[in-house]
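This note is addressed to a colleague who is meeting the structure for the first time. Please read the points below with the sequence and the model side by side.

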Amino acid sequence: MVHALHETWRVTRSEVLDIRPLALSPLVFVRDRNGGDTFCGELKWCDDSGQHHIQSDTALARVVAEDKFIIAKEDRFDWYDTFETTDELVEQVHDDWLTWSVDEDTALKLMRAMKDLGRGAVAYIRQGIGVRLLKIMKEEL
Amino acid sequence: MLSFPDPEEIEREFFSRLVDFRGKRVLEIGCGDGRTIGYYANEAKWIVGIDNDRDELIAAYKQLGDVPFIQGSAASLPFADSSFDLTILSWSL
């Protein structure tokens with residue numbers, strides 16, 4: 001990742017926009033028809049090579065310390081993925097999220113909440129997304 | 001019917017709030033199917049998308065045929081120094 005940032009620095013003249021998930025577990029909820037939320041658990045990281053969002057933060061901190069970039073602006077927002085059924089949520093995480101999984105406890109709480117809250121309830125995953133504008137520090141030739 | 005914030009709308013707003021794309025030469029690393037290139041395609045001077053997933057790049061090309069897409073890795077970018085004014089690391093770092 002540090003090497004990729006060095007390459008990014010090399011080919012870029014002035015700015016880099018870095019957008020990616022925060023190094024926090026995505027959270028699983030059910031929202032009832034009145035807008036009330038029931039927390040069911042968090043997704044679990046399942047890649048043996050380590051939590052790469054933490055590794056990305058570490059790599060970025062390193063190149064900032066090397067004075068190749070400065071963080072000019074930083075913000076965050078929440079990304080919502082919604083699902084009509086528990087099965088749909090579990091299957092999509094399994095098929096598309098790759099490095100995250102739904103553990104048994106969260107799946108059971110989700111099933112129970114969907115059943116208890118009845119018609120109109122929506123399952124959803126909330127994931128924090130970080131956005132940073134990096135300024136390139138480079139002496140012009 | 002419950003409504004949730006549209007994350008793509010929020011993401012698009014962040015792009016336009018943080019960066020002025022007008023007249024810029026833009027590289028998007030991890031461009032995937034070109035989803036976020038659509039946010040600024042009409043403003044940038046020119047755009048290059050790079051991703052290591054060939055299927056995603058085919059999808060991108062079908063949507064944005066006038067943008068050059070390259071299959072490759074961020075670890076070895078096939079461009080000269082300072083080729084771009086702005087680089088976007090799109091969910092890719």
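The numbered points below take up the interface between the chains, a hairpin and the packing of helices.

1. A caution comes first. The structure is a predicted model, and the remarks that follow should be read in that light.

2. The two chains touch through 27 residues of chain B and 30 residues of chain A. On the side of chain B that touches chain A, the elements giving two or more residues are helix H1 (7-18), strand E1 (25-29) and strand E4 (84-90) of chain B. The most comes from E4(B), which gives 7 residues. Sorted by class, this side of chain B has 20 nonpolar, 5 polar and 2 charged residues.

3. Strand pairing also links the chains. Strand E1 of chain A, residues 12-21, pairs with E4(B) in the parallel sense, over 6 bridges. Within E4(B), Ser90(B) is the residue that stands opposite Ile19(A). E4(B) thus appears twice in this account: as a strand paired with E1(A), and as the element that gives the most to the side of chain B touching chain A.

4. Within chain A, strand E2 (residues 27-31) and strand E3 (residues 37-42) run antiparallel and are joined by 5 bridges. Val30(A) has Thr38(A) in E3(A) as its bridge partner. E2(A) and E3(A) form a hairpin, with 5 residues lying between the two strands. In the turn, Gly35(A) has a positive phi of about 95 degrees.

5. Helix H1 of chain A, residues 2-11, has Ala4(A), Leu5(A), Thr8(A) and Trp9(A) as its buried residues. Viewed down the axis of H1(A), these buried residues fall within an arc of 140 degrees, and therefore they line one face of the helix. What do the buried residues of H1(A) pack against? In chain A, their partners are E1, helix H2 (52-65), strand E5 (69-83) and strand E7 (122-136). In chain B, they pack against E1 and E4.

6. The last point concerns two further helices of chain A. The axes of helix H3 (residues 86-97) and helix H4 (residues 104-117) come within 9 Å and cross at roughly 150 degrees. Because of this crossing angle, H3(A) is roughly antiparallel to H4(A). From H3(A), Thr86(A), Leu89(A) and Val90(A) meet Ala107(A), Leu110(A), Met111(A) and Met114(A) of H4(A). The residues of this contact comprise 6 nonpolar, 1 polar and no charged.

How values were computed:
Residues numbered from 1 in each chain as written. Chains lettered and ligands numbered in written order. Predicted model: local features only at pLDDT ≥ 70, side-chain atom pairs only at ≥ 80, totals over all residues. Axes fitted to C-alpha atoms, helices over the stretch in contact; angles between N-to-C directions. Helix = DSSP H or I, 4+ residues; strand = E, 2+ residues; numbered from the N terminus. Parallel < 35°, antiparallel > 145°, perpendicular 65-115°, else oblique. Contact = placed C-beta atoms within 7 Å. Nonpolar A, V, L, I, M, F, W, Y, C, P; charged D, E, K, R; others polar. Pairing = 2+ DSSP bridges. Buried ≥ 20, exposed ≤ 12 C-beta atoms within 10 Å, placed from the backbone. Arc of directions from axis to C-beta.
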